[in-house]
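Welcome, and thank you for taking a look at this one with us. Please have the sequence and the model open side by side as you read.

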Amino acid sequence: MISVKNVSINFKIANDRITTLKEFLLKKSTGKLEYKEFKALKNVSFDIKQGEVIGIVGSNGAGKSTLLKVISGILFPSSGSLKVDGTIAPMLELGAGFDVDLTAKENVFLNGSVLGYSKAYLTDKYEEIVEFSELQGFMDTPIRNFSSGMTMRLAFSIATLVNPDILIVDEILSVGDSKFQKKSAKRMRELMSGGTTVLMVSHSIEQIRAMCDRVVWLDHGEVQMVGKATDVCDAYMGKSKQEYLEEEQKQVSAHNQEASNEWKKNLYSPTRIEKINNEYFIVDCWHNRIIFNDNLSDPVEGWSVMAENIGDPHSIVSNGEIYLTEDTKADELRVFTREDNQFIQTKMIDKIGLRPNHIVYEENQNMFYGISAMSQHVFMLKDLEKDVSEEKVIKLGYLKKNSYIRSIRIIDHKLHFTSGPGKIIVADHIHSPFEKVQEYEVPFEISGMNDILKVDGYYYITVYQDGEGTVKPAFLRTKSLSSLKEGKYEELYEKLELKGIPYGLSFIDGRIFLTTIDSYSSIVSFCANEDKIEDLKIHYDVGPPDEHSIRKRTGN
């Protein structure tokens, strides 16, 4: 089924750190570009029979994932030979083959075709895949709006329900919540008992013992032992347990030190900037943190950290005593209080819907209002000065099912919801229980709205590109929301020379602040005097994410 004979993988690593194409070409042309060779795999040999379940163990950097990529056909051996008979479903990075701008349904057929299955076969399996993933209500939603857990569940369902001849698994058996983990483990056992050949990597030795027939032990790219699972696991843990634990700890420390020195110097998709008690707060979304500082002149690395390890926070709001933000990945809210320069989490609030995305505060009502983007739940929290109480969580019927509501704003004493249904919906949250009082249709090209803000008679609106990527991102303003349907608005994207996706809006000290995200991160501000846009300031122009930010984002 699989035959690996004396396989080696060599990588060339530049001795000098090169940050630009110009620098690379200059060094290359002058012969000053020097490399060192790194051997990721060294003469690796073993065979796998049909229906066997083979585990691969070893410390970080041993070559486990590299070996799986070679067998999957992602990497080609520098030397040696490889023979694989049968169809392969590699689960190395679940969801890596998805197109985030396509819906979940479209990605079922895209990902399945990549795995080599026909449209007819995938059509026949479609309902089974949806049922297993438990995403029945979200199949028409673009993948970019999924949490990482939802994406992994869909990818696992596709990869395992198409019955591959060979299943390659790299540290992904903890998919989703505990209920789904049990179901995925059961599915893996079904595949194993049904004759599927499985090759798996896991740091859980007990998992390897329980599920595998034989085990390959790698150390620094070399095979140390191949044999029965119990024998190899005993040898691996008994002979070098302390050595490997120490090595792993060193590598984790080195990785953390590198991340601390590099990714913290920049922003990656800042979704919001606010000024609270004379300090600026930036929601550094894809770095999973919120930072603060008393000025906008200091480089990002000089800012203090309010909170970190928060799953994709989107907004920060405060009454001056407590601070609220979302853990969008965990479907939770975090509540903080402050002692001197330290922020202490005092409460975690859950059961507020899927992917809470925006919170606002209305002082006159002593209430915090928020929207859970994926499930369209609106939640209300009573302001108790140094705490909040959960008042109500409701789902509004006029917010389109399966839509994605990115923004909730209080404008002219009314709640404004944007995005999702391709409309701006206005609701009365004071005199009636969120009764809809108005809705404004918008043309297709601006239907993917992110945020809305009203300043001096103008509504400013940020817009994502559409799901197919055929419509460009936009930043616009209008004096009348009713005129949007006819396309009567002023486009500001090119006027401000923006490069990323316009996202969060704030009004601070007489200036309109705008963040851009995704492919290009920045924070800019400008003044609007007598209908004129002027005094543009670029506070942070980060640009595309560098390798350190991407590594932080992906956890690699």
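What follows is a short tour of a helix pair, some salt bridges and two individual residues.

Please keep in mind that this is a predicted model.

**A pair of helices**

Let us begin with helix H3, which spans residues 104-114, and helix H4, which spans residues 119-133. Their axes approach to within 10 Å and cross at roughly 130°. That angle makes H3 oblique to H4, and the crossing of the two is right-handed. Which residues make the contact? On the H3 side they are Lys105, Val108, Phe109, Gly112 and Ser113, while H4 contributes Lys119, Leu122, Thr123, Tyr126 and Ile129. Sorted by character, the residues of this contact are five nonpolar, three polar and two charged.

**Salt bridges**

Next come the charged pairs. Side chains of opposite charge can pair when their charged atoms come close. How many salt bridges does a search of the whole structure find? The search gives 25 salt bridges, and three of them are set out here.

| Salt bridge | N to O distance |
|---|---|
| Lys275 and Asp509 | 2.7 Å |
| Arg409 and Asp451 | 2.9 Å |
| Arg551 and Glu547 | 3.4 Å |

The salt bridge of Lys275 with Asp509 links distant parts of the chain, the two residues being 234 residues apart. Lys275 sits in strand S10 (residues 270-276), whereas Asp509 belongs to the loop between strand S30 (501-508) and strand S31 (511-517). How accessible are these partners? Lys275 has a relative accessible area of 30% and is therefore partly exposed. Asp509, at 56% relative accessibility, counts as exposed, because the cut-off for that class is over 50%.

For Arg409 and Asp451, which also meet in a salt bridge, the places are strand S22 (residues 407-411) for Arg409 and strand S26 (residues 449-455) for Asp451, so the pair ties together parts that are 42 residues apart in sequence. Are these two residues buried or exposed? Both Arg409 and Asp451 are buried.

The salt bridge between Arg551 and Glu547 lies within one element: both residues are in helix H9 (residues 547-554). They are four residues apart there, about one turn of the helix. Arg551 is partly exposed, with a relative accessible area of 24%. Elsewhere, Asp101, Arg144 and Asp518 are joined into one network by salt bridges that share partners.

**Two buried residues**

Helix H9 also holds His548. With a relative accessible area of 8%, His548 is buried, because that class takes in values under 20%. Its C-alpha atom is separated by 9.4 Å from that of Asn261, although His548 and Asn261 are 287 residues apart along the chain.

Our last stop is Val317, in strand S14 (residues 316-318). Val317 has a relative accessibility of 10% and so counts as buried. Which residues is Val317 in contact with, leaving aside its neighbours within four places in sequence? The list is Ile322, Tyr323, Leu324, Ile359, Val360, Tyr361 and Phe368. For one of these contacts, Tyr361, the C-alpha separation from Val317 is 6.8 Å, and the two residues are 44 residues apart along the chain.

Note on methods:
Residues are numbered from 1 along each chain as its sequence is written. This is a predicted model: local features need pLDDT of at least 70, side-chain atom pairs count only at pLDDT 80 or more; totals for chains, interfaces and linings use all residues. Side-chain values use heavy atoms; hydrogens and water are left out. Axes are lines fitted to C-alpha atoms, for helices over the stretch in contact, and angles run from 0 to 180 degrees between N-to-C directions. Angles under 35 degrees count as roughly parallel, over 145 as roughly antiparallel, 65 to 115 as roughly perpendicular and the rest as oblique. A crossing is left-handed if the near helix is turned anticlockwise from the far one by less than a right angle, and right-handed if clockwise. Contact means heavy atoms within 4.5 Å. Ala, Val, Leu, Ile, Met, Phe, Trp, Tyr, Cys and Pro count as nonpolar, Asp, Glu, Lys and Arg as charged, and the others, Gly among them, as polar. A salt bridge is a side-chain nitrogen of Lys or Arg within 4 Å of a carboxyl oxygen of Asp or Glu. Buried means under 20% relative accessible area, exposed over 50%, partly exposed in between (1.4 Å probe, protein chains only).
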